[in-house]
Amino acid sequence: IGGMSNTLMLRKDGNIVPVDITSKCIEYGGQKVVRGSYRDISDHLKIKDDLERMVKGRTAELDAKNEELSREVKEREQAEERIRNLYHQLVKSQEVERQRISYDLHDNVAQDLFSLKIALDTFYDDQQGASETREKILKLSGVVKRAIASIREIAYELSPQKLKHLGLL
């Protein structure tokens with residue numbers, strides 16, 4: 001015999017209260033007897049219930065906050081994905097525009113300048129004139145030739161053909 005247990009007791013005033021009962025077997029006057037004591041644990045149980053209620057309330061608050069944070073993280077991830085997609089679209093549209101400009105420079109402007117150079121180079125052949133005029137025409141032809149080279153260089157820099165042949169966009 002001995003130990004501790006919880007039970008309910010009836011007080012003299014008629015109220016029922018929870019108690020802890022502690023008992024121990026001891027020797028008293030040469031005989032073995034049980035010594036016991038009890039303690040009212042009403043306040044202890046009330047505090048325990050209050051704490052459990054507070055913990056449940058706080059847990060519910062934290063669950064709600066965690067759910068809110070999860071939604072915010074998901075929204076942020078979706079926003080970042082949209083930004084990445086927009087960035088890729090922007091880069092793609094810039095590349096398309098660079099290619100268009102490159103083709104226009106090469107296929108239109110450079111070809112027109114080349115035609116002008118040929119016309120300048122052959123202009124003197126059709127004319128009977130002074131060598132001074134021929135010199136001016138040759139200088140103009142040189143200017144056009146340099147302009148053609150510059151335009152071709154710009155066009156190739158805007159849209160490098162070597163990268164396309166390697167399969168790079």
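**Entry 1: Asp-104 and Arg-100**

I looked up Asp-104 first and found it partly exposed, at 31% relative accessibility. I take buried as under 20% relative accessible area, exposed as over 50%, and partly exposed as in between, with a 1.4 Å probe and protein chains only. The model is predicted, so I note that local features need pLDDT of at least 70 and side-chain atom pairs count only at pLDDT 80 or more, while totals for chains, interfaces and linings use all residues. Residues are numbered from 1 along each chain as its sequence is written, and side-chain values use heavy atoms, with hydrogens and water left out.

Asp-104 has a salt bridge to Arg-100, at 2.8 Å from N to O. The term stands for a side-chain nitrogen of Lys or Arg within 4 Å of a carboxyl oxygen of Asp or Glu. Arg-100 is also partly exposed, at 41% relative accessibility. I asked how the two residues are placed in helix H1: they are four residues apart, which means a separation of about one helical turn.

**Entry 2: the chain as a whole**

I listed the elements and found three helices and three strands. Helices (H or I, at least four residues) and strands (E, at least two) are DSSP runs, numbered from the N terminus. Along the sequence the pattern reads β-β-β-α-α-α.

I then looked up burial for the chain: 10% of its 169 residues are buried. The exposed area of the chain is about 14,300 Å², and carbon and sulfur atoms supply 57% of that area. Accessible areas come from the Shrake-Rupley method with a 1.4 Å probe; for residues, only the protein chains shown count as cover.

For contacts (heavy atoms within 4.5 Å), I took those between residues at least 6 apart in sequence; 39% of them join residues at least 24 apart.

**Entry 3: the strands**

I checked how S2 and S3 run. Strand S2 (residues 16-28) pairs with strand S3 (residues 31-40) in the antiparallel sense, over 10 bridges. Two strands count as paired if DSSP finds at least two bridges between them. Across the pair, Glu-27 faces Lys-32 in S3. The two strands form a hairpin with two residues between them, and Gly-29 in the turn has a positive phi of about 60°.

Strand S1 covers residues 2-10 and holds Leu-8. I looked up its accessibility: Leu-8 is exposed, with a relative accessible area of 58%. Together with Leu-10 and Ile-16, Leu-8 makes a nonpolar surface patch of about 360 Å². Patches are made of residues with over 30% relative accessible area and no salt bridge; like charges are joined within 9 Å, nonpolar side chains (Val, Leu, Ile, Met, Phe, Trp, Tyr) within 5 Å.

**Entry 4: helix H2 and its buried residues**

I compared the span of H2 with its expected value, which is 1.5 Å times one less than its number of residues. Helix H2 (residues 131-158) has 28 residues and reaches 41 Å from its first C-alpha to its last, close to the 40 Å expected.

Which residues of H2 are buried? I found Ile-137, Ser-141, Val-144, Ile-148, Ile-151 and Ala-155. I followed up Ser-141, which has 4% relative accessibility and therefore counts as buried. Leaving out residues up to four places away in sequence, Ser-141 touches Lys-117, Leu-120 and Asp-121.

I next turned to Ser-102 in helix H1 (residues 42-126). Ser-102 is buried because its relative accessibility is 4%. Apart from its neighbours within four places in sequence, Ser-102 contacts Ala-155, Tyr-156, Leu-158 and Ser-159.

**Entry 5: other salt bridges**

I looked up the total and found 10 salt bridges in the structure.

One of them joins Asp-50 and Lys-46, with the closest N and O atoms 3.2 Å apart. Asp-50 and Lys-46 are four residues apart in helix H1, so about one helical turn separates them. Asp-50 is partly exposed at 25% relative accessibility, whereas Lys-46 is exposed with a relative accessible area of 52%. I also noted a network of salt bridges that links Lys-46, Asp-50 and Arg-53.

Glu-81 and Arg-84 form another, their closest N and O atoms being 2.7 Å apart. These two lie three residues apart in helix H1, so Glu-81 and Arg-84 are about one helical turn from each other. Glu-81 is partly exposed at 37% relative accessibility, and Arg-84 is partly exposed with a relative accessible area of 42%.
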